[in-house]
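User: I'm new to reading protein structures, and the vocabulary puzzles me. Could you help me see where the words come from?

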Amino acid sequence: MSQKVAVLGTGKIGEALLSGMIRAGWAPADLLVTARRPERAEELRARHGVNPVTNTEAAKTADTLILTVKPQDMGTLLDELAPHLPADRLVISGAAGIPTSFFEERLAPGTPVVRVMTNTPALVDEAMSVISAGSHATEQHLAHAEEIFGGVGKTLRVPESQQDACTALSGSGPAYFFYLVEAMTDAGILLGLPRDKAHDLIVQSAIGAAVMLRDSGEHPVKLRENVTSPAGTTINAIRELENHGVRAALIAALEAARDRSRELASGKKD
């Protein structure tokens with residue numbers, strides 16, 4: 001952990017990575033950050049003891065660079081980094097939809113690139129981070145990326161061809177659950193519950209269901225059947241969900257998210 005790691009464009013996810021790395025034993029003195037606004041950089045220094053630098057300084061001094069800027073800003077950032085970045089430095093991209101070839105074409109030949117799609121539960125150390133190797137990334141580079149992102153949750157290696165699907169499922173995934181909780185809370189209010197009580201009921205049910213899915217080893221169909229008694233309340237609710245095409249709508253939504261990830265990779269912004 002004596003290597004220097006720089007997080008470029010340090011927003012909420014970047015800051016979550018920093019705090020996770022520090023908890024895992026990284027020395028703040030070995031962590032560099034860049035931010036668009038000077039006051040944001042100083043805020044990170046005060047909060048975590050890390051060193052704010054410019055993008056050029058990060059390229060020259062860091063052993064690993066984690067790029068967390070928005071996809072539409074990545075080309076400009078790479079143009080800034082390329083003249084100063086040696087080919088033996090590891091570049092980790094956290095930008096949705098952008099393939100490793102995009103980086104390899106703009107950086108020095110042979111630069112190792114690892115693509116990572118994480119999600120917002122990194123803020124509470126429950127992220128799902130999906131990791132893929134570029135053409136020059138080795139086992140050691142992948143293990144290093146796992147060490148970094150493992151500080152804020154679980155990691156999973158996949159071929160890069162599966163990254164757009166993973167973006168649809170887990171990168172955007174938390175938003176779907178928040179959307180469902182929002183809808184169920186509104187339903188609870190319609191059924192006569194105060195908002196705060198409806199919220200507490202749904203959130204704890206969601207936490208309990210997630211733990212059961214993670215720890216029981218049971219298929220979700222089996223877990224659902226355990227709640228679904230003949231002619232009971234649950235089966236009536238599920239019938240309505242099926243009548244309204246909820247399953248088909250979810251599949252269509254995930255396909256739309258995957259397709260948008262592919263569009264981002266092709267440079268389409270609108």
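User: What hand does the crossing of α7 and α12 have?

Analyst: In this predicted model, the crossing of α7 and α12 is right-handed. The residues in contact are Asp164, Ala165, Thr167, Ala168 and Leu169 on α7, together with Leu254, Ala257, Arg258, Ser261 and Arg262 on α12. By kind, these contact residues are 5 nonpolar, 2 polar and 3 charged.

User: Why are α7 and α12 called oblique to each other?

Analyst: Look at the angle: helix α7 (residues 163-171) and helix α12 (residues 246-265) pack at about 130°, and their axes are 8 Å apart. Roughly perpendicular covers 65 to 115 degrees, and roughly antiparallel needs over 145. The angle of about 130° fits neither range, so α7 and α12 are oblique.

User: And why are α8 and α9 oblique to each other?

Analyst: Helix α8 (residues 173-190) and helix α9 (residues 195-216) pack at an angle of about 135°, with 9 Å between their axes. That angle is not over 145, the mark for roughly antiparallel, and is outside 65 to 115, so the pair is oblique. The crossing of α8 and α9 is right-handed.

User: How do you know whether Ala145 is buried or exposed?

Analyst: Ala145, which lies in helix α6 (residues 139-149), has a relative accessible area of 0%. Buried means under 20%, so Ala145 is buried. Leaving out residues up to four places away in sequence, Ala145 touches Ile92, Val114 and Ile131.

Notes:
Residues are numbered from 1 along each chain as its sequence is written. This is a predicted model: local features need pLDDT of at least 70, side-chain atom pairs count only at pLDDT 80 or more; totals for chains, interfaces and linings use all residues. Side-chain values use heavy atoms; hydrogens and water are left out. Axes are lines fitted to C-alpha atoms, for helices over the stretch in contact, and angles run from 0 to 180 degrees between N-to-C directions. Helices (H or I, at least four residues) and strands (E, at least two) are DSSP runs, numbered from the N terminus. A crossing is left-handed if the near helix is turned anticlockwise from the far one by less than a right angle, and right-handed if clockwise. Contact means heavy atoms within 4.5 Å. Ala, Val, Leu, Ile, Met, Phe, Trp, Tyr, Cys and Pro count as nonpolar, Asp, Glu, Lys and Arg as charged, and the others, Gly among them, as polar. Buried means under 20% relative accessible area, exposed over 50%, partly exposed in between (1.4 Å probe, protein chains only).
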